[in-house]
Amino acid sequence: MTERIWDTYLTERDKAVFAASGFGAMADWGNRPALLIIDVNYAFCDEEPKPILESITKWRTSCGEDAWEAMPVLEKLIDTCRGKGIPVIYTTGTRRADNWDSGSWSWKNSRRKEEARAPILTTDGRDGNEIVDAIAPGPRDLVVRKQKPSGFAGTPLHSYLQLLGCDSVIVTGTTTSGCVRATVLDAFSLNFRVTVVEDGCFDRSQASHAINLCDMHAKYANVLPSTDVIDHLNTLSQGMFDLPSGAGMATAAE
C-alpha cells in the first residue's frame, strides 16, 4: 500500500513530518474482534444510490452514491464475521417524536428544524434511523441505539464488548469524520485495538473522508482495505464467542 487515499491531500512537509515522527506504525490486530457498523441507515444512505446533491434535498445527512459503493464491502465483512461466529454490532440513531432530545445536534445545522416540523420517512413509511435492508441485522447480531456521535456515548456498547470478551474492534460505516471517528477515539481510549476498513467507511465530504482516515491511521487505528481485513478474519478460529442465540428474534436484533 504505497499510495493511500489521503496522499493527494498531504503536503510534502506533512509527509516528512509523519515519516520523522513515527506516527502511522502498524499496531497488533488483537485476538477477539467485533465488527462495528456505524449508522448505515436510510438517513445517511437514502433508499437507493443517488447523486449526493439530489439525495440531500430529502435526507440532509445523506452521503449519496458513496454510501452504496461501500454496501458490497459491508455485506462481505458481515458474511465473513457471521460465518466465523464473530460479533456483528450495529449502531443507529434514536430520537423522540417531538425531537426535543436532539440537544446539541440542533446547534450546527440550519435544516434541523425540518425534522421538528415533520419526521422524514422512507417511501414505505420507515424512520430514517432504520438500518438499510441490504445489510439488515440478523437475529444473532446486536443493535445499539445512540444519540451522540460515538457508539459508546450513553450506550451499552462497552458492556456488550466486555460481555463478549472482545479486545478489538473493526470499524465501518459513516460518517468517517463524525460518528466513525468518534467511535474509534472512544474505543482507542478504552484500550481496544482498532482497525478501520478504508473502503467500508464513507462520508458526505471526500476531503473529510480522506483526511480523517489519515489522522486515525496516524494515531488511533490501523486503516486497511477490506481485502486485508477479510484475509485476517479468515485466519481466526471458529466459534470463539458466546453470541446471542437469536431465539425469539425475527429479523432485527436488539
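In this predicted model, strand 4 and strand 5 (residues 193–202) run side by side in the parallel sense, joined over 6 bridges. One place to spot this pairing is Ser-168, which stands opposite Arg-193 in strand 5. The two strands also belong to a wider motif: together with helix 7 (residues 176–189), strand 4 and strand 5 form a right-handed β-α-β unit.

Strand 4 has a second neighbour as well. Strand 1 (residues 33–38) pairs with strand 4, again in the parallel sense and over 6 bridges. Within this pairing, Leu-36 has Val-171 of strand 4 as its bridge partner. Strand 4 itself, spanning residues 168–174, is mostly covered, with 7 of its 7 residues buried. This holds for both faces: Ser-168, Ile-170, Thr-172 and Thr-174 are buried on one side, and Val-169, Val-171 and Gly-173 are buried on the other.

From the strands, the view can widen to the nonpolar interior. In soluble globular proteins, nonpolar side chains tend to be buried together. Here the largest nonpolar core holds 64 residues, and those touching the most other members are Val-40, Cys-45, Ile-89, Ile-135, Leu-161 and Val-196. Helix 4 (residues 65–84) supplies the largest share of this core, 9 residues. Val-40 is a helpful residue to follow: leaving aside residues up to four places away in sequence, Val-40 touches Cys-45, Met-71, Leu-74, Thr-91, Ile-131, Val-132, Ile-135, Gly-173 and Phe-202. One of these contacts, Gly-173, is among the buried residues of strand 4.

Helix 4 also takes part in a helix pair. Two packed helices are described by the angle between their axes and the distance between the axes. For helix 4 and helix 9 (residues 226–233), the angle is about 5° and the axes lie 10 Å apart. Because angles under 35 degrees count as roughly parallel, helix 4 is roughly parallel to helix 9. On the helix 4 side, the residues involved are Val-73, Lys-76, Leu-77, Thr-80, Cys-81 and Lys-84, and they meet Ser-226, Val-229, Ile-230 and Leu-233 of helix 9.

A final stop is Ala-118, located in the loop between helix 5 (113–117) and strand 3 (142–146). Its relative accessible area is 37%, so Ala-118 is partly exposed, a class that falls between the cut-offs of under 20% for buried and over 50% for exposed. The C-alpha atom of Ala-118 is separated by 8.8 Å from that of Asp-98, a residue 20 residues apart from Ala-118 along the chain.

Methods:
Residues numbered from 1 in each chain as written. Predicted model: local features only at pLDDT ≥ 70, side-chain atom pairs only at ≥ 80, totals over all residues. Heavy atoms only, no water. Buried < 20%, exposed > 50% of the residue type's maximum accessible area, 1.4 Å probe, protein only. Helix = DSSP H or I, 4+ residues; strand = E, 2+ residues; numbered from the N terminus. Pairing = 2+ DSSP bridges. Right-handed = clockwise from strand over helix to strand, strands pointing away. Core = buried A, V, L, I, M, F, W, Y, C linked by side-chain atoms within 4.5 Å. Contact = heavy atoms within 4.5 Å. Axes fitted to C-alpha atoms, helices over the stretch in contact; angles between N-to-C directions. Parallel < 35°, antiparallel > 145°, perpendicular 65-115°, else oblique.
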